[in-house]
Amino acid sequence: MAPATDAVCPLCGYNQGEERILVYHLVTAHKGIPHTPGEEMFLCKLHPEAGSMNHLEFVKHAQEESTKAANKTIGIVLESALLRPPKCAEVNVQPGQVTVVQKHLEETRPVDARPPEIRRRFNVAMTGAVFMILIGYQLAGLRAPLNLIGVIDIVAGMGSLAGSLLYYVHPFRQRLGASIVLLSSAFAWIPFVIFLFRILVGQSLFGTYLLFLLLGPLLAMAGAAMVLVMNVPSRKLSQASLS
Ligand SMILES: [Zn+2]
Ligand SMILES: [Zn+2]
């Protein structure tokens, strides 16, 4: 029997060179990954519920999980740099022991200190913060006193960004972080109202700015408010802060 790490197709002998390409070849050309009697079986340390699989099935699983994780983020580069999320890992398992090992892995599974459902909300808030900073930068270049609008937006955006980043550094301070975002972004309504008023009285021609002036505080406040109303069990949180 060929060793599990061989990247040669066991069905047609085609040498793919790389396991992930071989997996793709098996799934597309042979409609699935074949099993050989007596082969080594594995469970995923992070996803024991996925059940036992052979090595190539595990390669496929790990690949699917990493794509899923990438899709969860809304293009925030900071996230992967700050978090370095845990990767799937193979755990060798004997045929009769699947349930026992599965149960053990489920119990010892590392707690995610920054669960995706909270990260997503801070991502929304950060998107709003970036809007505020960008539009603020644009408006800060206008003549006085209009440039003050820009300065307020930059400060509000920076504050919202700081609140979100606080969560990434200290995940158990999520409520404090969200409160900082909520408070900072509240100031960004001032520029929005001033601009809205100027457009209504026909003093301003920068109508498109209004949309971005609205989106900034709207997204930041929505993200922060969703974190604050969220009910996170305190046990889970204290466990997470220990890790
Ligand atoms: Zn083949
Ligand atoms: Zn996994």
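Contact means heavy atoms within 4.5 Å. This is a predicted model, so local features need pLDDT of at least 70 and side-chain atom pairs count only at pLDDT 80 or more, while totals for chains, interfaces and linings use all residues. Residues are numbered from 1 along each chain as written, chains are lettered from A and ligands numbered from 1 in written order, and side-chain values use heavy atoms, without hydrogens or water.

Q: How many helices and strands does the chain have?
A: Helices (H or I, at least four residues) and strands (E, at least two) are DSSP runs, numbered from the N terminus. Read from that end, the elements follow the order α-β-β-α-α-β-α-α-α-α-α-α-α. The chain therefore holds ten helices and three strands.

Q: What share of the contacts between residues at least 6 apart in sequence joins residues at least 24 apart?
A: Let's look at how the chain comes back to itself. Setting aside pairs less than 6 apart in sequence, the share of contacts in the chain joining residues at least 24 apart is 66%.

Q: Is Glu57 buried, partly exposed or exposed?
A: Buried means under 20% relative accessible area, exposed over 50% and partly exposed in between (1.4 Å probe, protein chains only). Glu57 sits in helix 2, residues 55-72. Its relative accessible area is 22%, so Glu57 is partly exposed.

Q: Which residues does Glu57 contact beyond its neighbours within four places in sequence?
A: Glu57 has company from far back in the chain: Val23 is 34 residues away in sequence, with 7.8 Å between the two C-alpha atoms. Once neighbours within four places are left aside, the contacts of Glu57 are Ile33 and His35.

Q: Is His55 buried or exposed?
A: His55 also belongs to helix 2. Leu43 lies twelve residues from His55 in sequence and 9.6 Å from it, C-alpha to C-alpha. With a relative accessible area of 12%, His55 counts as buried.

Q: What percentage of the chain's residues is buried?
A: Here we step back from single residues to the whole chain. Its length is 243 residues, and the buried share of them is 36%.

Q: Which element gives the most residues to the largest nonpolar core?
A: Such a core is a set of buried Ala, Val, Leu, Ile, Met, Phe, Trp, Tyr and Cys residues joined through side-chain atoms within 4.5 Å. The largest has 15 residues, and Ile118, Phe122, Met132, Tyr167, Tyr168, Ala178 and Val181 have the most contacts inside it. Two or more residues come from each of helix 5 (116-139), helix 6 (147-169), helix 7 (174-187) and helix 9. With five residues, the top contributor is helix 5.

Q: How many residues make up the other core, the one with Phe195 and Tyr209?
A: This core lies apart from the largest one, and Ile149 and Leu210 are also among its members. Its residue count is nine.

Q: How are helix 8 and helix 9 oriented to each other?
A: Trp189, Pro191, Phe192, Phe195, Leu196 and Ile199 of helix 8 (189-200) meet Gly207, Tyr209, Leu210, Leu213, Leu214, Pro217, Leu218 and Met221 of helix 9 (207-229). Their axes are 9 Å apart, at an angle of about 155°. Angles under 35 degrees count as roughly parallel, over 145 as roughly antiparallel, 65 to 115 as roughly perpendicular and the rest as oblique. The pair is therefore roughly antiparallel.

Q: How are helix 7 and helix 8 oriented to each other?
A: Ser185, Ala186 and Phe187 in helix 7 meet Trp189, Ile190 and Pro191 in helix 8. The two axes are 4 Å apart, at an angle of about 25°. That makes helix 7 and helix 8 roughly parallel.

Conventions:
Axes are lines fitted to C-alpha atoms, for helices over the stretch in contact, and angles run from 0 to 180 degrees between N-to-C directions.
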